[in-house]
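Ready for a little practice in reading a fold? Please take a look at the structure below, and then work through the exercises with me.

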There are 2 protein chains.
Amino acid sequence: MDHDYAVIMAGGGGTRLWPLSRQDRPKQSLKLLGDRTMFQLSVERLAPLFSPEQILVVTSAAYALDLRQQCPSLPEANFVLEPAPKGTAPALALSALAVRRRDPEGRMACLTADHFIGDEARFRDVLAAAAHVAGQGFLVTLGIKPTYPSTGYGYIQRGAALQTIGGWEVFRAARFKEKPKLPEAEAFVADGLHSWNSGMFIWRVDRILAEFARQMPGFYRRLLEIEAAPEALAQVWENAPTTTIDYGIMEGADEVAVIPADGLHWSDIGSWDSLLEVLAPDEAGNVVVSGEHLGLGTRGSLIHSSHGARRLIATIGVSNLVIVDTEDVLLVCPRERSQEVRAVVEALKKRADGQNYL
Amino acid sequence: MDHDYAVIMAGGGGTRLWPLSRQDRPKQSLKLLGDRTMFQLSVERLAPLFSPEQILVVTSAAYALDLRQQCPSLPEANFVLEPAPKGTAPALALSALAVRRRDPEGRMACLTADHFIGDEARFRDVLAAAAHVAGQGFLVTLGIKPTYPSTGYGYIQRGAALQTIGGWEVFRAARFKEKPKLPEAEAFVADGLHSWNSGMFIWRVDRILAEFARQMPGFYRRLLEIEAAPEALAQVWENAPTTTIDYGIMEGADEVAVIPADGLHWSDIGSWDSLLEVLAPDEAGNVVVSGEHLGLGTRGSLIHSSHGARRLIATIGVSNLVIVDTEDVLLVCPRERSQEVRAVVEALKKRADGQNYL
């Protein structure tokens with residue numbers, strides 16, 4: 001599409017998928033689903049819409065080399081480097097400037113590097129619809145139909161219907177709500193007016209930069225200075241506020257639209273058990289990723305192997321268990337407790353030799 | 001002790017402790033309990049009673065080299081090689097001849113190579129008492145107090161009390177009963193007259209060889225011929241009956257005594273869950289062997305690691321689970337289903353690549 005760019009946000013860290021994710025191996029670099037990393041999958045699903053020159057990646061210097069090696073077709077100049085993690089707002093401001101240099105009339109789709117999207121054709125279709133709406137001047141967010149009252153996602157309340165394009169309904173976004181408490185989340189799911197905030201946005205660069213100028217004027221003014229003197233970026237960054245695009249810009253922005261992007265079969269893969277929801281289980285309800293498995297009486301379990309060597313995982317009579325087998329760490333836990341991986345990570349931080357496994 | 005020899009029976013195979021036990025790595029060569037193999041532990045616990053010259057090992061040629069390397073202090077000539085597995089009766093006949101060559105007045109304690117004995121001092125004490133009784137001409141068996149109605153062990157019914165020596169009561173053995181059905185096993189436990197058959201025996205070589213001459217005369221006659229012509233062993237062996245010492249000799253023998261060797265904290269370690277019974281669990285009921293473990297909300301579980309590399313096993317919220325982590329196979333199963341390891345082995349035999357893991 002002319003004037004269209006994708007910006008893949010690939011700067012995140014995170015430990016929710018330990019032991020596969022590590023300090024130097026963030027979620028976007030993991031082969032969670034098989035033989036491709038999440039970043040590779042994120043880039044590859046864009047191929048029908050964007051040429052490599054149209055795909056930018058915003059990340060930290062620490063991750064950039066690895067990401068470039070994962071997708072060597074992307075031009076090196078398309079890697080936008082944040083000097084330090086400051087949240088999505090500064091990262092996307094930097095990215096918007098990079099797009100504007102390429103095309104002052106550019107539109108940018110801000111996409112995630114580590115999410116699962118089951119129906120990729122439908123995803124590209126909603127991106128094209130969203131680009132059309134963004135062309136009208138809207139800041140477009142993609143919403144996800146909530147399937148349960150999650151307290152881990154943000155919510156977007158729909159306002160007035162704006163239009164229907166290509167079968168996609170477009171609404172004015174009435175309100176953003178960060179991770180709610182359970183009663184509020186339950187109300188959001190019940191009222192049918194709320195979508196999960198997917199963290200994916202589509203807008204014209206002139207529109208988003210105008211919002212930065214209005215809502216984060218100090219940061220934006222400093223940022224413009226580096227257009228003339230790029231070597232000043234580190235210092236600008238040091239003084240930049242740390243904030244998300246949702247909180248820093250979207251909540252106070254004009255002309256915000258939401259497209260409920262239902263049917264994508266989307267997940268942020270926030271914990272190991274979510275792989276059991278998004279990947280196709282076998283007839284016993286098991287999901288085996290990259291491993292050789294022999295199960296007797298085994299049901300509803302995730303077997304995830306990234307142990308390099310030839311290796312068999314045998315299970316007898318286990319149900320709803322998560323087994324993650326890496327070179328140097330083995331994790332075993334019931335699927336409903338896979339969020340507690342964080343507690344293991346915290347415990348390791350306190351152990352003398354724990355650093356070896358983080 | 002003068003005239004006393006130990007014969008360690010180390011020829012067995014078996015797959016009940018797969019994936020640690022393999023076709024070429026039988027149970028006696030496993031480090032089930034830590035950094036020593038079961039065979040090493042079996043030899044070392046005899047040190048206060050027997051010099052290395054007094055310890056013989058009967059095994060197959062396939063295992064002998066490995067066993068010799070495990071215990072280099074044992075003289076090479078003390079390894080008695082069965083040409084093929086034929087059960088304990090032929091193996092012990094061959095061993096008895098080897099002892100008789102060393103000492104026609106010798107006594108031999110026939111001991112196992114792969115059992116757990118928690119109270120080693122008590123074990124040596126009952127061996128010394130049994131040797132005394134054997135010196136009177138009895139074929140002595142060590143019994144074990146049954147703790148549940150096992151259908152996997154043989155039972156020995158006690159007859160008349162014979163004597164008490166060193167605090168150990170000695171009874172005439174009234175009857176041997178191979179692995180009974182459950183109702184019979186329950187009756188044996190309830191009547192208080194039965195011991196489990198530990199498979200350990202103590203006798204004078206002249207007495208046991210007289211029983212062979214009487215009860216297995218054809219085999220015994222052929223066996224005597226090889227005293228003059230050892231190169232004939234393979235052929236004698238080919239025609240030897242396959243039978244156990246219990247069935248072939250003890251059930252029909254004269255002057256059989258049983259000493260209830262209670263308090264040894266004995267186990268044949270017939271399946272993984274038995275390690276949870278014999279090893280001292282930590283305050284959460286877990287047993288960790290040779291591994292680095294971090295458990296959150298983990299109870300009653302066995303973590304057995306023989307994975308060579310530096311490696312952490314993390315568990316969250318699991319109870320009564322068996323985790324056996326080897327170089328090339330990981331086994332996970334509830335402790336009450338650890339006997340079903342055999343079914344996994346059978347399933348592997350049918351798989352194209354299963355042989356790699358057997």
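The exercises below go from the overall build of one chain to helix packing and then to a chain contact, all in a predicted model.

**Exercise 1. Describe the overall build of chain A, and decide how its compactness compares with the globule rule.**

Step 1: Start with the secondary structure, where chain A has 11 helices and 17 strands.

Step 2: Compare the radius of gyration with the rule. Chain A comes to 21 Å, close to the 21 Å that the globule rule gives for 358 residues, so it is as compact as a globular protein of that length.

Step 3: Add the dimensions and the burial. The C-alpha trace of chain A spans about 60 × 45 × 40 Å along its principal axes, and 44% of the 358 residues are buried.

Step 4: Look at sequence separation. Of the contacts in chain A between residues at least 6 apart in sequence, 63% join residues at least 24 apart.

**Exercise 2. Work out how helix H3 of chain A packs against helix H7 of chain A.**

Step 1: Find the geometry. H3 (residues 88–102) and H7 (residues 217–228) of chain A meet at an angle of about 40 degrees, and their axes are 11 Å apart.

Step 2: Classify the angle. Oblique packing takes in angles from 35 up to 65 degrees, which makes H3(A) oblique to H7(A). Their crossing is right-handed.

Step 3: Name the residues. Pro90(A), Ala93(A) and Leu97(A) of H3(A) meet Phe219(A), Tyr220(A), Leu223(A) and Glu227(A) of H7(A). By class, this contact has 6 nonpolar, no polar and 1 charged residues.

**Exercise 3. Do the same for H3(A) and helix H6 of chain A.**

Step 1: H6 covers residues 205–215 of chain A, and H3(A) packs with H6(A) at an angle of about 140 degrees, with axes 10 Å apart.

Step 2: Roughly antiparallel would need an angle over 145 degrees; H3(A) and H6(A) are therefore oblique to each other. The crossing of H3(A) and H6(A) is left-handed.

Step 3: On H3(A), the residues are Ala93(A), Ala96(A), Val99(A) and Arg100(A), and they meet Val205(A), Ile208(A), Leu209(A) and Phe212(A) on H6(A). The contact divides into 7 nonpolar, no polar and 1 charged residues.

**Exercise 4. Which element gives the most to the side of chain B that touches chain A?**

Step 1: Count the residues: the contact takes 28 from chain B and 29 from chain A.

Step 2: List the elements of chain B that each supply at least two residues: strands E13 (292–296), E15 (312–316), E16 (321–325) and E17 (329–334), and helix H11 (341–349).

Step 3: Pick the top contributor, which is E17(B) with 6 residues.

Step 4: Finish with the classes: the side of chain B that touches chain A has 20 nonpolar, 2 polar and 6 charged residues.

Note on methods. Residues numbered from 1 in each chain as written. Chains lettered and ligands numbered in written order. Predicted model: local features only at pLDDT ≥ 70, side-chain atom pairs only at ≥ 80, totals over all residues. Helix = DSSP H or I, 4+ residues; strand = E, 2+ residues; numbered from the N terminus. Rg over C-alpha atoms; globule rule 2.2 N^0.38 Å. Buried ≥ 20, exposed ≤ 12 C-beta atoms within 10 Å, placed from the backbone. Contact = placed C-beta atoms within 7 Å. Axes fitted to C-alpha atoms, helices over the stretch in contact; angles between N-to-C directions. Parallel < 35°, antiparallel > 145°, perpendicular 65-115°, else oblique. Left-handed = near helix turned anticlockwise from the far one by under 90°. Nonpolar A, V, L, I, M, F, W, Y, C, P; charged D, E, K, R; others polar.
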